[in-house]
Amino acid sequence: GGFDIADEALADSVREGLARVEQLLRESVRSDFEFATRTSLHLVDAGGKRFRPLFTLLAAQFGDPDAEAVIKSAAVVEMIHLATLYHDDVMDEATMRRGATSANARWDNSVAILTGDFLFARASRLIADLGSEAVRQMARTFEALVTGQMRETVGFGRNEEAVEFYLTVIYEKTGSLIATAGRFGAWFSGVDEATIDSLERVGRILGTGFQISDDIIDIASPADESGKTPGTDLREGVRTLPMLYALADEDTSPRLRELLAGPLTVDAEVDEALELLRASNGLARTRATLDEFADDARKELASLPDVPAREALWMLVDYVVARTR
Ligand code: FPP
Ligand code: MG
Ligand code: MG
């Protein structure tokens, strides 16, 4: 299932905005060095949901959504996101992304890493047009993305609680950029500070929930639905919420505990772990946690002015939950 906007005028405005973002994205990765353009367009062309630009454009509906800076900031956010995906697929040794071959698999790790850096360079150029406060905001966000990814890589320490650690990581690696997507949309549409802060909070909650749904998908969704290889987190030894909850549940079988103890390299073991996790209380409890995040996002939305975009954001919250079912 996709995401549809009921209000026609709003749907038209968002569609137009997304088309402008798309055009700017493509222009922004063009280089005299054609190879860099080609490797950058690889993931741009692979499609993707454009979830972050969509959220920026919806947040901008509380003010002037057609402002040039709104479009620019949406493109910047998507370019930063794309850059992190190139790097993430190297770190996760992923071979598939958005239903296409990942850049590291199509070329190699060096090309994938450098393409991420190239995108970051071009995004930096674009954001300079938005002023120093925007650059500062993006620098903070970038730092959160990197520290989240670093935390995930090294795992939690002896004095850290696993679920709390997980929530910190997913806020940093995913929630932070979606929060900034909301902040930028509101800010550059010209609304007041309280509305900007509120849409940033919506993004933070929605973005963190988005990563929880991503972690459910890694376990529950077949590749032909998700465009990614299921069980990647298990293979990489990344402990996601369904696994943590399964480990905390006394009814979880010794076999699943054994499988969750280490990174899994054998396909048959990954498949077995996936099957056990799908039936576990851990997955069910994770869905319940996702529902709580959705409720919190709806509470935050309720404080915003009653414009059609608020209804659409409500639907976006539903979509983040529904995409895992
Ligand atoms: C995807 O998570 C990864 C992220 C959301 C953040 C990645 C951040 C970096 C790589 C920081 C460094 C970036 C740059 C440009 C210096 P996932 O692996 O759980 O999601 P997936 O299922 O989509 O692969
Ligand atoms: Mg990954
Ligand atoms: Mg990863």
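## A walk through a helical protein and its ligand shell

The protein holds 16 helices and two strands. Its radius of gyration is 20 Å, close to the 20 Å that the globule rule gives for 325 residues, so the protein is as compact as a globular protein of that length. Keep in mind as you look around that this is a predicted model. Taken along the principal axes, the C-alpha atoms fill a box of roughly 55 × 50 × 40 Å. Of the 325 residues, 43% count as buried. Sequence separation is worth a look too: take the contacts between residues at least 6 apart in sequence, and 74% of them join residues at least 24 apart.

Let us go inside next. The largest nonpolar core has 80 residues, and L58 and M79 are the ones with the most contacts inside it. Helix α4 gives the most to this core, with 12 residues. If you centre your view on M79 and set aside its neighbours within four places in sequence, you will find it in contact with L25, S28, L119, R122 and A123.

Helix α4 deserves a closer look in its own right. It runs over residues 68-91, and its 24 residues reach 35 Å from the first C-alpha to the last, close to the 34 Å expected at 1.5 Å a residue. The helix is mostly covered, with 19 of its 24 residues buried. Just after α4 comes E93, a residue that takes a positive phi of about 50 degrees.

From here we can turn to the ligand. Which helix supplies the largest share of the shell around ligand 1? That is α4, from which four residues of the shell come. Other helices take part as well: α4, α6 (109-128), α7 (132-154), α8 (162-188) and α9 (193-220) each supply at least two residues of the shell. There are 16 residues around ligand 1, and those that come nearest are A83, T84, H87, D88 and Q149. By chemical character, the shell divides into five nonpolar, five polar and six charged residues.

One of the helices just named, α9, can be set beside α4 for its own figures. It has 28 residues and reaches 40 Å from its first C-alpha to its last, close to the 40 Å expected at 1.5 Å a residue. Helix α9 is mostly covered too: 21 of its 28 residues are buried.

Two single residues round off the tour. Is R125, in helix α6, buried or exposed? With 12 C-beta neighbours inside 10 Å, R125 counts as exposed, because 12 or fewer is the cut-off for that class. For a sense of distance, R125 and K299 are 174 residues apart in sequence, and their C-alpha atoms are 37 Å apart in space.

The other residue is L244, found in helix α12 (residues 241-248). L244 has 19 C-beta neighbours inside 10 Å and therefore counts as partly exposed; the class of buried residues begins at 20. Where along the chain do its contacts lie, once neighbours within four places in sequence are left aside? L244 is then in contact with A162, V163, Y166 and R239. Of these, V163 makes a good pair to inspect: V163 and L244 are 81 residues apart along the chain, yet their C-alpha atoms are separated by 6.9 Å.

Methods
Residues numbered from 1 in each chain as written. Chains lettered and ligands numbered in written order. Predicted model: local features only at pLDDT ≥ 70, side-chain atom pairs only at ≥ 80, totals over all residues. Expected span 1.5 Å × (residues − 1). Near = placed C-beta within 6 Å. Nonpolar A, V, L, I, M, F, W, Y, C, P; charged D, E, K, R; others polar. Rg over C-alpha atoms; globule rule 2.2 N^0.38 Å. Contact = placed C-beta atoms within 7 Å. Core = buried A, V, L, I, M, F, W, Y, C linked by C-beta atoms within 7 Å.
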